[in-house]
Amino acid sequence: MKSLLKSGLVAALVACSVLPASVASSQEIKSRTIKLAFVNPAGSAHDLGAKRFAELASQKSGGKLNVKLYPGGVLGGEAAVASSLQGGTIEMSMMGTGLLTGMDKDFGIFDTPFLFDDAREVDVVLDGPVGTKLIDKLPGKGLIGLSYWDHGFRILTNSKRPISKGDDIQGLKIRVQQIPVFIDAFSAFGANPIPMPFPELYTALETGAVDGQENPFISVDTNKFYDVQKYASNTRHAYSPLLVLAGKKFWDQLSNDERAILMDAANEAKPYQRDVSRKMDAGAAETLKTHGMTITDVSPEERSRMRDKLKPVIEKHEKTINTALVEELNAEIQKVRAAK
């Protein structure tokens, strides 16, 4: 009898200990509204990826995590949004890694001109040790990196003339990202690079404050730059990763369950967003033709010559980045190329 009583007591104690843990677990997901701000417009691959992410976050949290989208730069350009993430007034964003160079120069590794040849090389590097090492640097900057999505290979547009070779860029006023390597690269081509926030770009093109800009085909299409640009050149001079970010102040308020849900949702949405982005970009060049733009292809030989012209810029740029990281990235790219 004593044995039975003792075993019953133990069972009761175990049940009591399990029950609060179960209840606690169910309470680790709070009802939250999460602002997700980004500069590309509704209907873009950024937006479609964000919608998939929001759906997944809602599903995985039983509807408690409500991700509200703010596309089109309505909450500010990338620099302003990054500051708001750090300050805690915006919870999440997605933006090109180039902007993060001002926080940690190693992020500039992805801005190296003519670094990648194709998307396969990109994905191996971003999803491998190099990508992870860079994400691990972000908490110290007040940010959390969740997943690398796709923004695409950058091309050049302008309102003045077709560009089939590097020399054709000379004399053009080109809006560039607010990062030094792009300013130096276009200066080396003889252009007048003008850094400015993305939300100001359309008006600058429309008024002639700048002659051209450089972004993927898909961005030219979704932002209707074809209304203020006549010529597009498929230079593929740089690749821009898109990094899904959360502010650390916001992240620190979350439970482990909530963090896991958001991280899983971002990575689960990644292949979908990359696929959509690349398909949209491939079709965008043809769409731009229907809007009256002249599309000029740049030969692989000319791209090689353009890269050679930028060697001093690339070498200067790489000196600002951790040497071991540069070597690791180049080794990863060579492995992919050797396997082709």
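The side chains of Arg 278 and Asp 150 come together in a salt bridge, with 3.2 Å from N to O; the term stands for a side-chain nitrogen of Lys or Arg within 4 Å of a carboxyl oxygen of Asp or Glu. Arg 278 belongs to helix H10 (residues 256-290) and Asp 150 to strand S4 (residues 143-158), so this pair ties together parts that are 128 residues apart in sequence. Helices (H or I, at least four residues) and strands (E, at least two) are DSSP runs, numbered from the N terminus. Arg 278 is partly exposed at a relative accessible area of 25%, whereas Asp 150, at 2%, counts as buried. Here buried means under 20% relative accessible area, exposed means over 50%, and partly exposed is in between (1.4 Å probe, protein chains only).

A word on the model helps at this point. It is a predicted model, in which local features need pLDDT of at least 70 and side-chain atom pairs count only at pLDDT 80 or more, while totals for chains, interfaces and linings use all residues. Residues are numbered from 1 along each chain as its sequence is written, and side-chain values use heavy atoms, with hydrogens and water left out.

Further salt bridges can be followed in the structure, which holds 26 of them. Side chains of opposite charge can pair when their charged atoms come close. Glu 328 and Lys 133 form one such bridge, their closest N and O atoms being 2.7 Å apart. Since Glu 328 lies in helix H13 (residues 323-339) and Lys 133 in helix H5 (residues 129-135), the bridge ties together parts that are 195 residues apart in sequence. Both ends have some exposure to solvent-sized probes: Glu 328 is partly exposed at 21%, and Lys 133 is partly exposed at 43%.Lys 316 and Asp 184 also meet through their side chains in a salt bridge, at 3.0 Å from N to O. This pair links distant parts of the chain, with Lys 316 in helix H12 (residues 311-318) and Asp 184 in helix H6 (residues 180-188), 132 residues apart. Lys 316 counts as exposed, at 52% relative accessibility, while Asp 184 is partly exposed at 24%. Salt bridges with shared partners also join Asp 123, Asp 127, Asp 150, Lys 270, Arg 274 and Arg 278 into one network.

Aromatic side chains offer another set of contacts, and a search of the whole structure finds 6 aromatic pairs. Rings of Phe, Tyr and Trp (its six-membered ring) pair if their centres lie within 6.5 Å; planes under 30 degrees apart count as stacked, over 60 as edge-to-face and the rest as tilted. Phe 110 and Tyr 148 make an edge-to-face pair, 6.2 Å from centre to centre with 80° between the planes. Phe 110 sits in the loop between strand S3 (92-96) and helix H4 (119-126), and Tyr 148 in strand S4, 38 residues apart. Phe 110 is buried, with a relative accessible area of 0%, and Tyr 148 counts as buried at 3%.

The ring centres of Phe 116 and Tyr 239 are 6.1 Å apart and their planes meet at 85°, so this pair is edge-to-face. Phe 116 is in the loop between S3 and H4, and Tyr 239 is in strand S8 (residues 231-247), 123 residues apart. Phe 116 counts as buried at 2% relative accessibility, and Tyr 239 is buried at 3%. Together with Phe 153, Phe 116 and Tyr 239 form one aromatic cluster.

Charged side chains also sit over rings; the criterion is NZ of Lys or CZ of Arg within 6 Å of the ring centre and within 35 degrees of the ring normal. Arg 236 lies over the face of Phe 153, at 4.0 Å from the ring centre. Arg 52 lies over the face of Tyr 272, at 3.8 Å from the ring centre.

Helix H2 (residues 45-60) gives a handy check on geometry. The expected span of a helix is 1.5 Å times one less than its number of residues. For the 16 residues of H2 this comes to 22 Å, and the end C-alpha atoms are 22 Å apart, which agrees. Buried residues in H2 include Ala 45, His 46, Phe 53 and Leu 56. Just after H2, Gly 62 takes a positive phi of about 65°.

For the protein chain as a whole, the secondary structure comes to 13 helices and 9 strands. The C-alpha trace spans about 95 × 40 × 35 Å along its principal axes, and buried residues make up 51% of the 340 residues. With contact taken as heavy atoms within 4.5 Å, residues 24 or more positions apart account for 76% of the contacts with a separation of 6 or more. The accessible surface is about 14900 Å², of which 53% belongs to carbon and sulfur atoms; such areas come from the Shrake-Rupley method with a 1.4 Å probe, and for residues only the protein chains shown count as cover.
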